[in-house]
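Trainee: I should like to learn how to read burial, salt bridges and pockets in a protein model. May we go through them one by one?

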Amino acid sequence: MAERGDPQVLKHVVAFLRTRAGMTQEKIARKLGTTQAHMSAYELGNMAPSEDVLRGMAPLAGVPWYVVQHLTRFLTAALEAARRGTEAGVAPIDLSVLDTVLLAVMPYLVEEEMASARLPAEETLREAGEIWAALEPLPAQERWRRIETAPLGSCRDWAALAKTVCEASARSAADSAEEARELAELALLIAGHVPDEERAQATAYGWGYMANARRVANDFDGAGADFVRARKLWPGSDSGLFPEWRLLDLEASLRRAQHRWPEALALLDEARARSGGDRLAAARILLKKEHVLQQMGDAEGALRVLEEASPLVESLKDPHLLFALRFNQADNLARLERYEEAARLLPDICAAAAEQAKGLDSIRVVWLAAKVKAGTGQKEGAMADLEKVRDAFTAEELPYDGALADLDLAALRLEAGRTAEVREQTENMAWIFVSKKIDREALAALKLFCDAAKLEAATVELARRVIAEVEKARRSGPPPVK
């Protein structure tokens with residue numbers, strides 16, 4: 001679609017989207033940052049809306065962008081056919097009658113297009129998943145040899161396999177940046193076999209996931225260059241297989257890792273606007289937005305985002321998302337010293353962590369529980385939990401987490417007057433100073449505390465100041481090199 005098309009075509013699109021969204025012209029104008037007069041001009045066919053206006057209306061109406069494009073092409077063809085008939089000497093068509101017919105037919109066209117696009121995508125993705133399940137255990141070269149001889153021919157077959165491998169790359173990134181990069185390379189090779197219709201989107205996706213692999217390897221410059229490639233290749237419209245919001249979401253993760261938080265938030269807001277009413281996408285984007293705000297130290301803002309995400313996550317009933325929602329709510333409440341509210345969420349969080357059986361998740365739940373216990377006066381139980389947490393983070397060689405857990409424990413022991421135990425405790429923190437994974441200023445603050453503890457001169461106030469310094473270093477300093 002050109003930036004501004006035929007106003008006689010687009011008036012139907014605007015009227016349909018507004019009606020489907022259930023909004024008046026004035027209300028939808030406020031949402032879009034325009035005026036009621038402009039909306040009226042669009043619907044009367046006196047002025048053509050820009051593509052940005054239509055893109056803004058699509059998610060409000062719960063209609064994917066590619067369906068809006070399909071609808072526009074259909075309306076254009078219908079009006080051109082009517083005009084050609086009149087020019088050829090055929091009895092002229094009453095365009096007001098045609099307008100009425102088109103408005104009546106459009107809801108059925110949209111539902112049919114959404115259903116027909118959904119079913120083939122689901123089927124081809126299922127088949128691509130089966131192919132990948134057989135290929136995944138094989139060495140990289142053997143995977144490609146078998147893919148080249150696989151019975152794939154249609155655009156959707158190759159595109160679905162490219163997307164499946166991209167998602168495999170994202171999953172592997174948590175464990176191995178190298179594996180994530182190899183899979184992104186494979187996705188790019190597959191994208192080269194996608195016919196013209198979706199090749200640009202498939203290739204752009206491949207570069208987006210390559211950027212994600214570079215991000216987890218702390219190659220931020222390389223990741224940024226890959227996102228530039230992805231944006232240049234992106235054709236400007238979504239398909240059922242390659243929604244644009246996902247690329248924006250991945251780039252937001254890079255900006256968050258670089259501590260470029262305003263950019264990360266802007267990208268996440270744009271990703272949500274482009275998600276086309278996809279509830280799962282919106283839920284994941286909001287949880288990422290909360291994480292950015294939490295890293296910025298804005299616990300109040302993070303809680304507001306979680307309140308917005310809550311009905312979406314609850315309706316999806318995804319165990320992983322529910323755990324993340326509840327944990328993050330309790331964590332932010334604890335940061336704001338609203339311990340009683342956090343305590344009410346803990347039983348569900350502990351049950352979810354036990355069900356998912358992820359080691360670090362379980363450790364962090366115990367840490368959260370310790371903070372809540374300390375905040376509600378259960379000091380002995382909190383100290384017992386913090387010893388377990390400190391030992392677990394030490395075993396995992398996570399210096400920031402280990403230091404913070406140690407400091408939380410030290411603060412409670414100092415409150416109880418157990419200064420000798422704090423002195424012994426700091427002697428076991430030596431590994432943090434040689435890990436080379438922690439900011440210099442945070443190390444200096446830790447050394448100050450340890451020196452004071454050795455003289456049994458450490459205080460609760462000093463412990464709290466050092467905790468704040470370490471947390472600030474983790475949030476704002478350069479990311480540690482892995």
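Trainee: Is Arg18 buried or exposed?

Mentor: The label follows from the relative accessible area, and a residue counts as buried under 20%. In this predicted model, Arg18 has a value of 17%, so Arg18 is buried. Glu43 also has a relative accessible area of 17% and is therefore buried.

Trainee: Which residue does Arg18 pair with in a salt bridge?

Mentor: To recognise a salt bridge, one looks for a side-chain nitrogen of Lys or Arg within 4 Å of a carboxyl oxygen of Asp or Glu. Arg18 forms such a bridge with Glu43, and their closest N and O atoms are 2.4 Å apart. Arg18 belongs to helix 1 (residues 7-21) and Glu43 to helix 3 (residues 36-44), so the pair ties together parts that are 25 residues apart in sequence.

Trainee: How many salt bridges does the structure hold?

Mentor: There are 37 salt bridges in the structure. One of them joins Asp226 to Arg214, with the closest N and O atoms 2.5 Å apart. This pair links distant parts of the chain, since Asp226 lies in helix 11 (residues 220-233) and Arg214 in helix 10 (residues 196-216), 12 residues apart. Asp226 is buried, at a relative accessible area of 1%, whereas Arg214 is partly exposed, at 24%.

Trainee: What are the accessibilities of Arg413 and Glu421?

Mentor: Arg413 is buried, with a relative accessible area of 7%, while Glu421 is partly exposed, with 29%. Their side chains meet in a salt bridge, at 3.4 Å from N to O.

Trainee: Which residues are linked in a network of salt bridges?

Mentor: Salt bridges connect Glu51, Arg55, Glu244, Glu270 and Arg274 in a network.

Trainee: How should one look for pockets, and what is the volume of the second largest pocket?

Mentor: Rolling a probe the size of a water molecule over the atoms shows where empty space is left. Here, the second largest pocket has a volume of about 430 Å³. Its lining consists of 23 residues, and the closest to its centre are Pro59, Asp269, Arg272, Ala273 and Arg274.

Trainee: Which helix gives the largest share of the lining of the second largest pocket?

Mentor: Helix 13 does, with 6 residues. The helices that each supply at least two residues of this lining include helix 2 (25-32), helix 4 (51-61) and helix 13 (261-274).

Trainee: How do the residues of that lining divide into nonpolar, polar and charged?

Mentor: The lining of the second largest pocket has 9 nonpolar, 3 polar and 11 charged residues.

Note on methods: Residues are numbered from 1 along each chain as its sequence is written. This is a predicted model: local features need pLDDT of at least 70, side-chain atom pairs count only at pLDDT 80 or more; totals for chains, interfaces and linings use all residues. Side-chain values use heavy atoms; hydrogens and water are left out. On a 1 Å grid over the protein atoms alone, a cavity is a set of points where a 1.4 Å probe fits but cannot get out, and a pocket is an open set with protein on both sides within 12 Å along at least five of seven lines; lining residues have an atom within 4 Å of a point. Grid points are joined across faces, edges and corners, and a volume is the space filled by probe spheres set on the points. Helices (H or I, at least four residues) and strands (E, at least two) are DSSP runs, numbered from the N terminus. Ala, Val, Leu, Ile, Met, Phe, Trp, Tyr, Cys and Pro count as nonpolar, Asp, Glu, Lys and Arg as charged, and the others, Gly among them, as polar. Buried means under 20% relative accessible area, exposed over 50%, partly exposed in between (1.4 Å probe, protein chains only).
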